[in-house]
Amino acid sequence: MNYKVMCRFFSMVCLAETVFLLPPIGISIFDGTHASTLGFAITVAISALLCIFFKLLSNNATGTLYAKEGFVCVSASWILISLVGCLPFVISGEIPHFVDALFEIVSGFTTTGASILSDVESLSRAALYWRSFSHWVGGMGVLVFLLAIAPGEKRSSGFTMHLFRAESPGPEVGKLVPKMRQTALFLYVIYIVLTILNFIFLSFGDMDAFEAFCTALGTAGTGGFGVKNDSIASYSPYIQYVTTVFMLLFGVNFSCYYLLLLKQVKAVLRDEELRLYVGIVVSSILVITLHTFFTAHMYSTFEETFRHAAFQVASVISTTGYSTTNFDMWPSVSKGILMLLMFTGACAGSTCGGIKCGRILLLFKSLRRNIHQLVHPQQVQVIRVNGNAMGEKVVANTNAYLSAYMIILLVSFILVSFDGFSLMTNFSAVLSCFNNIGPGFEAVGPMENFGGFGVLSKIVLIFDMLAGRLEIFPMLLTFSRSVWKRN
């Protein structure tokens, strides 16, 4: 393990977070919220000192980051920025308990949107901004951001494909262009453009600039922290439709947008994962709308039923977590579909959590191949996605991911169950945190929060959020003793 190079990397992460923490200070000074100003100012000082500390430790660092260091750097960096990022809440007294504040900011950076707060509107605007901005940074990835802005010479000193692979969601990570820095830059340009477009469309509705900006940040990162206690419910149908559309757009693999820029429309239309994603979304909206309207009679018009169904499907499959209605009151069939969407997630290469449509596609094709080989054991059949042959390593990694996914899900469920909530509450809490969704059902439903869980359960859910966002393996490697041995 090359500790000096890793420390140099951690110093850059702390520097980035120090810069990220500056706007909330300006907001709190403008609003005259002294406690918030003090909280963010002290945190900036701590983050800056950590930057200097890691920089001193990295003196005379040589070499680069390889796979082992890359995965550990990613998970350790996310833990580091979360430990620092929660301090403004604790110091200002807005979230006085450290574990609660850590839960809140981890939920922000991992774009989960699960909250321990019962009254979001009591927070200062600086705290609301910091929660939403953590979604935006975590959506694309802190290290992808550093990779995008790093000078060219830094590529040989640790900004490698291993970092990109460890932080980017999906079964297989590739380059859009030959150079990694250009790939990261292209991703962030697309990300920023979509965020700006979302903000512009929201501004045409009944949102003020601050609310529109925070909502756009949360939508882009598919996070779900709102600035109102009822999330998006009190806003106009126009705002709800705009948010629905952009949640779905941010669930698309960003490589599809890159192909559209290259005018390769046919390649996008032939993308199997995108077609599966669209098919799941359309069919889920259709079934929930018809079943809820004709069975439950919860809403007065068909349009209102369709709007809420479309919004919640988009929110859950994109793992955003916004809500416009209490879907916990929906019929069992509709809630069952939402729970399946919690597992599914959107496309690989997006800002979403969950298993991802790409992995589900691979799992179904692998299952079909295995059934075929039972009948024709001597025949060699290659799994293809979009016409490209998938290597056996990708298939094996997908199967390993699913195994680790189920083990962590079940162990977490058992540990959380000690708090004594109902089975549905415990399972949906773990499921929503592990898949970075936000709300679950019953005591953690869209109108409730996670504040009732004990310290142990919150720590378990914090691990689940980090593991889910980082695709499990970086977190598991970080806690493996053999990984930390010096080369």
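At 0% relative accessibility, Thr320 counts as buried, because the cut-off for buried is under 20% relative accessible area. The model you are looking at is predicted. Starting from Thr320, this briefing moves on to the nonpolar cores, the cysteines and a pair of helices.

**Around Thr320**

- To find Thr320, look in the loop that runs between α16 (302–317) and α17 (332–344).
- The side chain of Thr320 makes a polar contact of 2.7 Å with the side chain of Ser318.
- Leaving aside neighbours within four places in sequence, Thr320 is in contact with Thr112, Gly218, Thr222, Gly223, Gly224, Met247, Ser315 and Ile437.

**The nonpolar cores**

- In soluble globular proteins, nonpolar side chains tend to be buried together.
- Here, the largest nonpolar core has 128 residues, and the members that touch the most others are Phe103, Trp130, Phe254, Tyr277 and Phe450.
- Which helix gives the most to this core? That is helix α7 (residues 125–140), with nine residues.
- Phe103 is a good place to zoom in: not counting residues up to four places away in sequence, Phe103 touches Ala114, Ser115, Ile116, Cys433, Phe450, Lys458, Leu461, Ile462 and Met465.
- There is also a second, separate core of seven residues, and among its members are Leu361, Leu362, Met390 and Val395.

**Cysteines**

- How many disulfides does a search of the whole structure find? The search finds zero.
- Cys51 is in no disulfide, and the nearest cysteine sulfur to it, that of Cys14, is 6.3 Å away. A disulfide needs the two sulfur atoms to be within 2.5 Å, so this pair does not count as one.
- Is Cys51 buried or exposed? Cys51 is buried, because its relative accessible area is 15% and the cut-off is under 20%.
- Cys256 is likewise in no disulfide; for this residue the nearest cysteine sulfur belongs to Cys347 and is 6.6 Å away.
- Cys256 has 3% relative accessibility, so Cys256 counts as buried.

**Where α17 meets α20**

- The helix that follows the loop of Thr320 is α17 (332–344), and α17 packs with helix α20 (residues 423–434) at an angle of about 35°.
- The axes of α17 and α20 are 10 Å apart.
- On the α17 side the residues are Met339, Met342 and Phe343, and they meet Met424, Phe427 and Leu431 in α20.
- By class, the contact of α17 with α20 has six nonpolar residues, with no polar and no charged ones.

Note on methods. Residues are numbered from 1 along each chain as its sequence is written. This is a predicted model: local features need pLDDT of at least 70, side-chain atom pairs count only at pLDDT 80 or more; totals for chains, interfaces and linings use all residues. Side-chain values use heavy atoms; hydrogens and water are left out. Helices (H or I, at least four residues) and strands (E, at least two) are DSSP runs, numbered from the N terminus. Buried means under 20% relative accessible area, exposed over 50%, partly exposed in between (1.4 Å probe, protein chains only). A polar contact is a pair of N or O atoms within 3.5 Å; within protein, one must be able to donate a hydrogen and the other to accept it, and residues adjacent in sequence count only if both atoms are side-chain atoms. Contact means heavy atoms within 4.5 Å. A nonpolar core is a set of buried Ala, Val, Leu, Ile, Met, Phe, Trp, Tyr and Cys residues joined through side-chain atoms within 4.5 Å. Axes are lines fitted to C-alpha atoms, for helices over the stretch in contact, and angles run from 0 to 180 degrees between N-to-C directions. Ala, Val, Leu, Ile, Met, Phe, Trp, Tyr, Cys and Pro count as nonpolar, Asp, Glu, Lys and Arg as charged, and the others, Gly among them, as polar.
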